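Let's learn how to read a structure together, one feature at a time. Have the sequence and the picture open, and ask as we go.

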Amino acid sequence: MKNKKKLSGNYFKDFGTAVAKGDMGVKLSLLVMGAGYFARKQIINGLIMIALEIVFIMTCVFYAAPNLAKFGTLGTVQFEQVFDPLTMTSKVNDYDNSFLILLNSIIALFIIAVFILVYIGNIKAVYRLQVRKEAGKHINTFREDIRALFNEKFHITLLTLPCLGIILMNIIPILVLVAVAFTNYDQQHMPPSALFTWVGWKNFKQLFTNSTTVTFGYSFGKILIWTLEWALLATLTTFIGGILMAQFINNKKTKLPKLWRTLFMVAIAVPQFVTLLLVRNFFADSGIVNTICSNIGLTDFLKSIGLVNSNLTYIPFLTNPTWAKVMIVLINIWVGVPYQMLIATGVLMNIPVDQLESARIDGANSFQIFWKITMPYVLFITGPSLITDFVKNINNFNVIYLLTQDVYVTSDQLLANSNAKEVDLLVTWLFRLTNEYYNYKIASVIGILVFIICAAFTLITFTQTIKGNREEDFR
Amino acid sequence: MKKTVGSIVRHLVLAFLAVIWLVPILWLVVTSFSGYKGINTAHFFPETWSLNNYKALFFEPDSVVQYGAWFKNTLIIAIFTCIVSTSFVLMVSYTMSCLRFKGRKGLMSFGIILNMFPGVLSMIAVYFVMKSIGLTNSHLGMIIVYSAGAGLGYLITKGFMDTISTSLREAAWLEGASEATIFFKIIIPLSQPIIVYTIINSFLVPWGDFVLAKLMLNSGIATDWTIAIGLFNMLNKSLVNKYFSIFCAGGVIVSIPISALFVLMQKFYVEGVTGGSVKG
């Protein structure tokens, strides 16, 4: 933290020195970007900078200013449509679209922030040129500047496009959603026909309140617990299952290990959405499994021991909350174990053989070898990926959505009031809130909370990976 | 004697597990050859066999089934997504792994934190961004959505590049090669396994993705869809009884190229990832 403060301190100090000690060219650059380049006869650089400044000013006047002016209220002019009986057309007034104002304002703020960075960088660069000139050093021609972009400044060339993509696809959407969490954007306030506006922390409060009409607090608690249970169960079962299966197949006593491995691979070679949709129909209330179960008397047996409600004629595999949760975890094992087996196979093949040999010579049985040597080794290699898997499972949209959408109907009125189901994860709940009920404000709040949860888990793993200097070790 | 019993038990257990893993797939395949259109709930194996479902898939397009168009859409999107995302991933991972510049670690941590934001959530905002520039329901829009953020998934490739010896690059430096030359002539050829992995991985995204496509391709016109949405739509409550076996046929067809690529990818994944990390 201290380091960061020092860095940002230096950042502005350098800027100050540049302004204070700069000559005419540098000082003129404060007003006309590029002036400093002209002073050093870098005409093309100067022209580029001037062009940039003109484009920026145009953007400010025609794009940023009109949007930012309405940013405080998110628009005041309501959509109105007047039917003109003379021309038989309807006329629409010059209305405000709150969402577009929000989106454009955020993009505009982003552009302004980037421009400020470029502006400061420009002054510093121009000052650096002045210093070089005073010291009698060589000043790059434009051609040399371009060449530098493929050499010592290659990182700029390489990162520009990916960064633009990330800004467009990740950063701006995230900023928009964080902003939406503080507005009343929902079905009653849908642009273009209606306006929405800022409401402060109200949505966060709503998510944690419980009353007869608002049950978000109740649903959030229930779904959060199930999400964490699911993530833990899904991660551990597939991980352990994968290792056991890999160990079982790779064992010297197993004949034709390749054949067995291929058999399990067939199941995951089919795209996940196909298998999940298929399995959903496989276990449907009137599906094939239920027919077989009732034919062999399993349904009646489960009824007699009370696992299935006696007034049902089928096993509610995916329609009863408890059954559905168990089935989802089991189906996930079915989907996930072969993947984990493949990874575990790769890891197991690389176990140092000498350790296993010496343990065997010392008289350890295979059970001891597995727990004392194999498992610690596998955990060491795949440990970090366990937490990544855990976070992925918190956001495992496909398994839950494809298995339960259109199939599972909740009977809990409190959950139904907030459009949730017992088997929902936070992300599927969020998806339904937006995609079916247009409740963007609450969905955004949930998204922010999911992010905080995931971030907490991920940071634990990655602080070590990044901060530790391990990346140099392997070379 | 004890040995053979153990061996039989071991293989029986494996066979039992294999059956569990294969039964749904078997059901998929046999249903796709069924002469009956909807779900056969009474028998595991169809009572009449026919190739009608495959014929319907390719030669009898209607308002619900447009398999040829879906395949073409998905293929086009997949090819361009694959090119763009692989280049982005390579560019970012090379920068983060081999180049040293101010703010590198800051950028890396920032990327990781950004990547933790649930994709499903930002999708809705992505949809609005794309809608405001008029790119929903288009191939270009899908390609952008799938590939623009690809740079964030650099960790695995970077990990692999971290294992490439620095002395190679230093030698090239001394010979006067520029960073760009080193990137194209040394690092890329040496990273082959992980590049193949990245290529196949990004190629598979549009074939398996469901959520994003459902949000972005919302025109309701079947010819615009990708395979995933098309097949999902067939299982709609009102359609499932008419189209279930066609869905199965579609599932079988899409699995063939995908599984081939998948097997290939796993080979390179194991080679690239575990090969890289085990050295530590």
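**A guided reading**

A: Let us begin with one pair of residues: A:Gln81 sits opposite A:Val92, which belongs to strand 2 of chain A. Keep in mind that this model is predicted.

Q: Which residue of strand 2 of chain A is the bridge partner of A:Phe83?

A: A:Phe83 has A:Ser90 as its bridge partner in strand 2 of chain A.

Q: How many bridges join strand 1 of chain A to strand 2, and do they run parallel or antiparallel?

A: Strand 1 (residues 81–84) and strand 2 (residues 89–92) of chain A run antiparallel, and four bridges join them. Together these two strands make a hairpin, with four residues between them. In that turn, A:Met88 has a positive phi of about 60 degrees.

Q: Where else in chain A should I look for a positive phi?

A: Try two loops. A:Lys41 is a residue other than glycine with a positive phi, near 65 degrees. Its place is the loop between helix 3 (35–39) and helix 4 (43–69) of chain A. A:Tyr438, also not a glycine, has a phi near 50 degrees, and this tyrosine lies in the loop between helix 19 (426–435) and helix 20 (440–467) of chain A.

Q: Is A:Lys41 buried or exposed, and why?

A: To answer, count the C-beta atoms around a residue: 12 or fewer within 10 Å means exposed, 20 or more means buried, and anything in between is partly exposed. A:Lys41 is exposed because it has 11 other C-beta atoms within 10 Å. A:Tyr438 is partly exposed because it has 16 C-beta neighbours inside 10 Å.

Q: And is A:Lys421 buried or exposed?

A: A:Lys421 counts as buried, because 24 C-beta neighbours fall inside 10 Å. This lysine is found in the loop between helix 18 (413–417) and helix 19 of chain A. Leaving out residues up to four places away in sequence, A:Lys421 touches A:Thr404, A:Tyr408, A:Thr410 and A:Leu415. For a sense of distance, A:Pro162 is 259 residues from A:Lys421 along the chain, and 38 Å separate their C-alpha atoms.

Q: How do I step back and read chain A as a whole?

A: Start with its elements: chain A has 20 helices and two strands. Then look at its extent, where the C-alpha trace spans about 90 × 85 × 40 Å along the principal axes. The radius of gyration of chain A is 31 Å, while a compact globule of 475 residues would have one near 23 Å. Of those 475 residues, 35% count as buried. Finally, take the contacts in chain A between residues at least 6 apart in sequence: 66% of them join residues at least 24 apart.

Q: Into which domains is chain A divided?

A: Domain 1 covers 15–200, and domain 2 covers 207–283 + 318–472. Their centres, taken over C-alpha atoms, are 41 Å apart. Where these domains of chain A touch, domain 1 gives 10 residues and domain 2 gives nine. On the domain 1 side, six residues are nonpolar, three are polar and one is charged.

Q: How many residues of chain A are in contact with chain B?

A: In chain A, 75 residues are in contact with 77 residues of chain B. Helix 7 (residues 154–180) of chain A gives the most to the chain A side, with 17 residues. By class, that side has 50 nonpolar, 18 polar and seven charged residues.

Q: Why is helix 7 of chain B called largely enclosed?

A: Helix 7 (residues 155–162) of chain B is largely enclosed by the rest of the structure because six of its eight residues are buried. Among the buried ones are B:Thr157, B:Gly159 and B:Phe160.

Q: What scores does the predictor give the complex?

A: The complex has an ipTM of 0.83 and a pTM of 0.82. For chain B, the average pLDDT is 83, and 93% of the residues score at least 70. Residues 276–280 of chain B deserve a second look: pLDDT stays under 50 there, and the model has 12 contacts beyond four places in sequence for this stretch.

Methods. Residues numbered from 1 in each chain as written. Chains lettered and ligands numbered in written order. Predicted model: local features only at pLDDT ≥ 70, side-chain atom pairs only at ≥ 80, totals over all residues. Domains from an automatic or database assignment. Contact = placed C-beta atoms within 7 Å. Nonpolar A, V, L, I, M, F, W, Y, C, P; charged D, E, K, R; others polar. Rg over C-alpha atoms; globule rule 2.2 N^0.38 Å. Pairing = 2+ DSSP bridges. pLDDT = per-residue confidence, 0-100.
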